[in-house]
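Some words used for protein structures have exact cut-offs behind them. The turns below take such words one at a time and set values against them.

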Amino acid sequence: MKEKRSITVMVPAYNEEKNLAKTVGKYDTVVKSLFDDYEFIIFDDCSSDRTGEIADELAKKNKNMRVVHNKQNMGMGYNYREGIKLSQKGYYIYFNGKGEVLSSSAREILSHIGEADIIISYIGNPEARSLYRRIISNAFVILLNMIFGYHLKYYTGPVIYKTKILKKVKTTKKIDSAVFLAEILIRVLRKGYSYKEVPFYMEKTERTKFFRIKNLIEIFFGIIRLFFNMMVKKEKERKNNNKDGNQEM
């Protein structure tokens, strides 16, 4: 039977002229076979190739798709936040413009809707990535687990949320790197929502630009901001509240 609940699929794309049409096509096939009501929001993140034109062509052919053209490159965090604001459906998920997640895995992730408040996906075939990328990714996960006390397998894969939950979450506007994906997940988990982790499998990826020095620096400072905003500020607020409470007694 078709899943009658609705979903928004956000697709951020930067210079993905070779991949975007194939990516959107395969995920559209999966989504429309499971949902009666859905939408794709494609973000052309100020691409210098034909990504924007291709996105517009896709939207002309499918009334369930719309395109946002950023006037400058804004990054994942910005696109994700804007996607939440624009979302008109009950659930929300993102798949990147490269289309790394296999269509069978996309279907598997989506099939778990309703089994928990949040469906968190993690890579089931890490060997599909380069050793360097695996080392950096594992270090990222270990560090976040240590800081925030979780035991998650992955923080930056496709996650299914109820859109109404996301619209209530306040996030750090200065974090626009992939750290934002971790931030919003952590903020939602800290509100006590239930979650389930499911594996996804991906195509073997070519060398990525994601882990260039510039991006690693952005991730490093993003983690510092996240730690300060969620841990240090919270502790200061707790102490101030306790102090105010003692003064009133």
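Q: What makes two residues count as being in contact?
A: Contact means heavy atoms within 4.5 Å. Tyrosine 161 touches ten listed positions by that rule: Tyr80, Gly90, Tyr91, Tyr92, Asp117, Ile118, Leu166, Ile184, Leu185 and Val188, leaving out residues up to four places away in sequence.

Q: What kind of model is this, and how are its residues numbered?
A: This is a predicted model, in which local features need pLDDT of at least 70 and side-chain atom pairs count only at pLDDT 80 or more, while totals for chains, interfaces and linings use all residues. Residues are numbered from 1 along each chain as its sequence is written, and side-chain values use heavy atoms, with hydrogens and water left out.

Q: How many helices and strands does the protein chain have?
A: The protein chain has 8 helices and 7 strands. Both are DSSP runs numbered from the N terminus: helices are H or I with at least four residues, strands are E with at least two. Of its contacts between residues at least 6 apart in sequence, 82% join residues at least 24 apart.

Q: Why is serine 47 called buried?
A: Serine 47 has a relative accessible area of 16%. Buried means under 20%, exposed over 50%, and partly exposed in between (1.4 Å probe, protein chains only). Since 16% is under 20%, serine 47 is buried. Of the 249 residues in the protein chain, 48% are buried.

Q: Where is serine 47, and what does serine 47 touch?
A: Serine 47 sits in the loop between strand 2 (38-44) and helix 2 (51-61). Not counting residues up to four places away in sequence, serine 47 touches Ala13, Tyr14 and Asn15.

Q: What makes the pair of serine 47 and aspartate 44 a polar contact?
A: Their side chains are joined at 2.8 Å. A polar contact is a pair of N or O atoms within 3.5 Å; within protein, one must be able to donate a hydrogen and the other to accept it, and residues adjacent in sequence count only if both atoms are side-chain atoms. The 2.8 Å of this pair is within that limit. The side chain of serine 47 also reaches the backbone nitrogen of asparagine 15, at 2.9 Å.

Q: Why is asparagine 15 called partly exposed?
A: The relative accessibility of asparagine 15 is 26%, which falls between the two cut-offs, so asparagine 15 is partly exposed. Asparagine 15 is in the loop between strand 1 (7-13) and helix 1 (20-34).

Q: What is notable about phi at asparagine 15 and cysteine 46?
A: Most residues other than glycine have a negative phi. Asparagine 15 has a positive phi of about 55° although it is not a glycine, and cysteine 46 has a positive phi of about 60°. Cysteine 46 is in the loop between strand 2 and helix 2.

Q: How do you know that helix 7 is mostly covered?
A: In helix 7 (residues 179-189), 11 of 11 residues are buried. Among them are Val179, Glu183, Arg187 and Leu189.

Q: What makes a set of residues a nonpolar core?
A: The set consists of buried Ala, Val, Leu, Ile, Met, Phe, Trp, Tyr and Cys residues joined through side-chain atoms within 4.5 Å. The largest such core has 72 residues, and those with the most contacts inside it include Ile7, Phe40, Tyr80 and Tyr161. Helix 7 gives the largest share of this core, 9 residues.

Q: Which residues line the largest cavity?
A: Its lining is Tyr80, Tyr94, Tyr155, Thr156, Gly157, Val159, Tyr161 and Leu181. A cavity is a set of points, on a 1 Å grid over the protein atoms alone, where a 1.4 Å probe fits but cannot get out, and lining residues have an atom within 4 Å of a point.

Q: Why is lysine 162 called partly exposed?
A: The relative accessible area of lysine 162 is 27%, between the cut-offs for buried and exposed, so lysine 162 is partly exposed. Lysine 162 lies in strand 6 (residues 159-162) and touches Gly90, Tyr91 and Asp117, not counting residues up to four places away in sequence.

Terms used
1 Å grid on protein atoms, 1.4 Å probe; cavity = no way out; pocket = protein on both sides within 12 Å on 5 of 7 lines; lining within 4 Å.
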